[in-house]
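This report covers a sheet with its packed helices, then a pocket. Please view the structure below first.

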Amino acid sequence: MLDRSGISQRTEAGPPPEGVRRIASEAEAEKLAHRLQTAGRRWPVVVLTIAGGHDEPFGDPEEIKREVGDLAEVILMPTSGISWAFSRHMPPATQVYGGAGRVYPVGHEWVTDPTRSRLRFAYSTRDRRRITDQLISDALEAALAAGLIEARTRPGLQQRTGEIQGVIGSRALVRLDDQSSATVWEELTVPGVALDRVVMTGQSVCGVYDPASRRLDLRGALRFTDPASAEEAVTAAYRVGDVVLADVAEVTDDAVTLRLLPALPVEVERDAVTSNPNDTLRGLFSVGEVVVCRVVSLGPPALRLDDIDDDEVPRPAPSLLPDGPPWLRLPDPQAPAAPAPAARPAVPSEAPVGSAAPAPRPPSPLELARRLGAAGPARARGAAPEAIQAQLAALNNELAAEQNTRKALAEELAVLRSRAADLEEQLIEATRTIQSLQTSYRNADRRRQQAVRELKALQRREEPSAPVGPEFLDPEEQFRYEVYCEWARRIPAAEKASKPLADYKLAPGFLKSIEEIEGISRAKIIAVVVEVLTGQAQHLDGRDVHKLRTGGPGSPYVTRSDGAACWRVALQRESAAARRLHYWEKGNTYEFSRVVLHDDYRP
């Protein structure tokens, strides 16, 4: 059966196989590759490989199967012609062999985005614990994403309470009310949040206990799991002006998205981060990093990162479970850095671990003898003993050459594997250094901006003639003055003649809408006004300039009786409450109407 895209479909019935399945032939490997890419697969598949020259894998497939149970299938495959056949039939960068492992999630996003199916490396039995835990975690995350865990409602599930005895990595030990033990799994709490940011030792917890796996599921007790409840919690916990913690969810060139709670992302634009035009936000932040920011608005929340003093202490972040730890905390600068993985010993007999397909093996001596034997007897019947001896000598030379080639390849492979281990260690250390430098730079830049503000304030105090407050009493004159100053500052002298300010008017309610709107600075509004008046807004990414319609797509544009058309330009992006600027345009004259929220389509 084919779906509309031409991909074959097959619906699997029943649960995954109970035990670990071994792939024993090239035909089975090809069939596995086909099944992984066939629509209708209902559960994740863990593929763990056995490195060349070894009889057993570096990871523990039996433990993986015990922990994932009927949420995933576990398959063991040797690195040989079998893994070569598997790799040949898999999409680029999705293969696995040489002792590594992968989890193939339900669906097909991993085919075009291999990062959804992470390759987990192993170099020797020293990596047994690490790769086993990684594959278990990946399998549970894939099962959770596929909705398998919510769908499991076994008759034996019980509502139980207990106390956290300790948190070790991604697992927490719980002593239940009847003194029996259970575990809490990081993957089954808040995806992407470390377990020690959800629970802590001594905390009382309540959840659904599964006697078969001895897991305690706390998701039913989690708080603030949707945007509405998260925004309500932030509004109750913080006030405007508070210094708070957030983690980095996404970084682009123009904005950084921070999370005050896992379900509450807040986009912070560049002008609320740095005033240095040479800074790139991608160079200032790393995803997952915890940063300090200031609340400048609530309902919806808005943040700044450029006006925080070094001695300001952030307010504690909310807890995701009752009586739990703050879900965010700054890293301890005195804490020792996490140790980088030790260099792995090179094993010459193993195939290289990577995403490319394994190279074909040179023919073995037995294969060479068979190759010669296929033609040798026919020639040998009429050949002289000297000719036979020459053939044998040639065969011996060929065998010796092949053996030397294999030895050289093994030595080269050993060097490459050792180098790969060194590079992995260097990458971890470089990432740690980059994050430290990013934090140091941001702190220094905040101090610089604070010093500039203090210097300007000092200069104003030292100049008695300097005016205090607005330069004009009339609000419209003040606004036009600020627009002119922004144009003069923003447009280079050589371009002022080609980018003059167009004629414009202010509608009666325009200035009032600026005063009433929250979550965006007056300076940002004025900057976009200048972009509109100089014709730049039409060519800037993110402004999304378009005519306002009377209804849905295809409906007439909004116009006035004098022929002016109403236009809409984005002040912010990617938020239901993002601010928009409405203005009327007729010829070369503009009339600014209102500053509104995203869902307000009135002219």
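## Helices on the sheet

This is a predicted model. Helix 3, residues 81-88, lies across strand 3 and strand 4. Helix 3 runs at about 120° to strand 3.

The sheet itself is open and has 4 strands. Their order is 1-3-2-4, and the pairing is mixed. Strand 1 (21-22) and strand 4 (101-104) stand at the edges. Each has a single partner strand, so one side of each lacks a neighbour in the sheet. Helix 1, residues 26-36, also packs on this sheet. Helix 1 touches strand 1, strand 2 (45-50), strand 3 and strand 4. The direction of helix 1 makes about 140° with that of strand 3.

## Pairing of strand 1

Strand 1 pairs with strand 3 (residues 73-78) in the parallel sense. The pairing runs over 2 bridges. Arg-21 stands opposite Ile-75 in strand 3.

## The second largest pocket

The second largest pocket has a volume of about 1200 Å³. Its lining counts 31 residues. Nearest the centre of the pocket lie Glu-269, Arg-270, Asp-271, Lys-524 and Arg-543. By class, the lining has 16 charged, 8 nonpolar and 7 polar residues.

Which helix gives the most to this lining? Helix 13 does, with 5 residues. Helix 13 spans 522-533. At least two lining residues each come from strand 10 (243-251), strand 11 (255-261), strand 12 (264-269), helix 11 (475-490) and helix 13.

Conventions
Residues are numbered from 1 along each chain as its sequence is written. This is a predicted model: local features need pLDDT of at least 70, side-chain atom pairs count only at pLDDT 80 or more; totals for chains, interfaces and linings use all residues. Side-chain values use heavy atoms; hydrogens and water are left out. On a 1 Å grid over the protein atoms alone, a cavity is a set of points where a 1.4 Å probe fits but cannot get out, and a pocket is an open set with protein on both sides within 12 Å along at least five of seven lines; lining residues have an atom within 4 Å of a point. Grid points are joined across faces, edges and corners, and a volume is the space filled by probe spheres set on the points. Ala, Val, Leu, Ile, Met, Phe, Trp, Tyr, Cys and Pro count as nonpolar, Asp, Glu, Lys and Arg as charged, and the others, Gly among them, as polar. Two strands pair if DSSP finds at least two bridges between them. Contact means heavy atoms within 4.5 Å. Axes are lines fitted to C-alpha atoms, for helices over the stretch in contact, and angles run from 0 to 180 degrees between N-to-C directions.
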